[in-house]
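I opened this notebook to keep track of what I looked up, one topic at a time. The structure itself comes before the entries.

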Amino acid sequence: MTDLTPITALGASAPADQHFGPLRISENADMALASLALRRTADMPAPMGLELPAPGKWSQGQGVAAFWTGPDQWMIEAETRAAEDFAAELASHAPGCSITEQTDAWTVFEIASDRGDAPIRALMEKLVNIDTGSFGPGSATRTGLHHLSVFLVRRAEDRLAVMTMRSMARDLWHVLQETARRLKGEPA
Amino acid sequence: MLIPHPLLGLRDAQEFTYLGDARLIDRPDGMAEGAEAAFAEYVYLRDNPAGVHRELWFHEQGDRSWLIVTRDTVTHEILGAELARNVALAANGGEA
């Protein structure tokens, strides 16, 4: 059999990870993703003990998390399980729901700040037309960023995840890198 | 311009794409008597009011829902927004 070498969305052998002053941006290549959609008249499921969040929200369970993507639709995240068939397992926990494998469709960049929420807010204010004041921990939304369609998930005061289509990974990385670099000199 | 999304609150109009008159939801029955004339009117005839207008907007860079936005075409003031799905379901008595 052909010997294949896995590469990340940025074409490297290891996930990208870079520091910019108070910000650290790292590629999360180990997260499994699957979308869950309710069928008409279906009851609200609680897959893997997860409480599916309200519009614009993100919620965390035991090793899994979910954010709202549209009416009766959610994206389910599973940390460190990108190499497994997570969608199949999710389907067994959510009978009657429509589950679609999404892991390879997205690239996820995790942004962490070691100086509280100010650097995260400064970065968002440069990049997206979202009210950063009301986008606190537990918020998630889809929006436009440099003509890319992205999901933003505010995991904590000092953490933000940005995800886009895997084929646009280099563009998003470039934008985040440039913006973080320019913000470095600004007071946080 | 900000659009008051019924689920997500105020959102930038740049996230949306515009389709046009909300009456496009009322598609005529293609099998009914006089369907040709009804379709000619449906496809080609639009009111072009200077004032309050109900129109379809798609939240493309967002939750992908269709909204019916009521807008004053003279002042560009947005008077309200509702989910097109709910409007269509209400019009059909709850049947999709």
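Entry 1, the sheet. In what order do the six strands of the open sheet in chain A stand? I worked from a predicted model throughout, and in it I read the order of the strands as 1-2-8-11-10-9, with antiparallel pairing. I then looked at the edges, where strand 1 (17-20) and strand 9 (140-145) of chain A each have a single partner strand, so that one side of each is left without a neighbour in the sheet. For the twist I noted an average of 25° from one strand to the next.

Entry 2, one strand pair. I followed strand 9 of chain A to strand 10 (residues 148-156) of chain A, and found the two paired in the antiparallel sense over six bridges. As a single example I wrote down A:Thr143, whose bridge partner in strand 10 of chain A is A:Val150.

Entry 3, helices on the sheet. Helix 2 (residues 118-127) of chain A packs on the sheet and touches strand 2 (23-27), strand 8 (106-113), strand 9 and strand 11 (159-165) of chain A, while its direction makes about 135° with that of strand 8 of chain A. Helix 3 of chain A also packs on the sheet, where I listed contacts with strand 1, strand 2, strand 8, strand 9, strand 10 and strand 11 of chain A, and its direction makes about 15° with that of strand 8 of chain A.

Entry 4, a residue of helix 3. I picked A:Asp171, which is found in helix 3 of chain A, and asked whether A:Asp171 counts as buried or partly exposed. A:Asp171 counts as partly exposed, because I find 15 C-beta neighbours inside 10 Å. I also noted that A:Asp171 and A:His146 lie 25 residues apart in sequence and 9.0 Å apart in space, C-alpha to C-alpha.

Entry 5, nonpolar cores. In the largest nonpolar core, which has 51 residues, A:Ile76, A:Phe109 and A:Val162 touch the most other members. Helix 3 (residues 169-183) of chain A contributes the largest share of this core, six residues. Apart from this core I found another, of nine residues, including B:Phe16 and B:Trp57.

Entry 6, the two chains. I counted twelve residues of chain A in contact with eleven residues of chain B. On the side of chain A that touches chain B, strand 9 of chain A gives the most, with four residues, and the residues of that side divide into two nonpolar, eight polar and two charged.

Conventions: Residues numbered from 1 in each chain as written. Chains lettered and ligands numbered in written order. Predicted model: local features only at pLDDT ≥ 70, side-chain atom pairs only at ≥ 80, totals over all residues. Core = buried A, V, L, I, M, F, W, Y, C linked by C-beta atoms within 7 Å. Buried ≥ 20, exposed ≤ 12 C-beta atoms within 10 Å, placed from the backbone. Pairing = 2+ DSSP bridges. Axes fitted to C-alpha atoms, helices over the stretch in contact; angles between N-to-C directions. Contact = placed C-beta atoms within 7 Å. Nonpolar A, V, L, I, M, F, W, Y, C, P; charged D, E, K, R; others polar.
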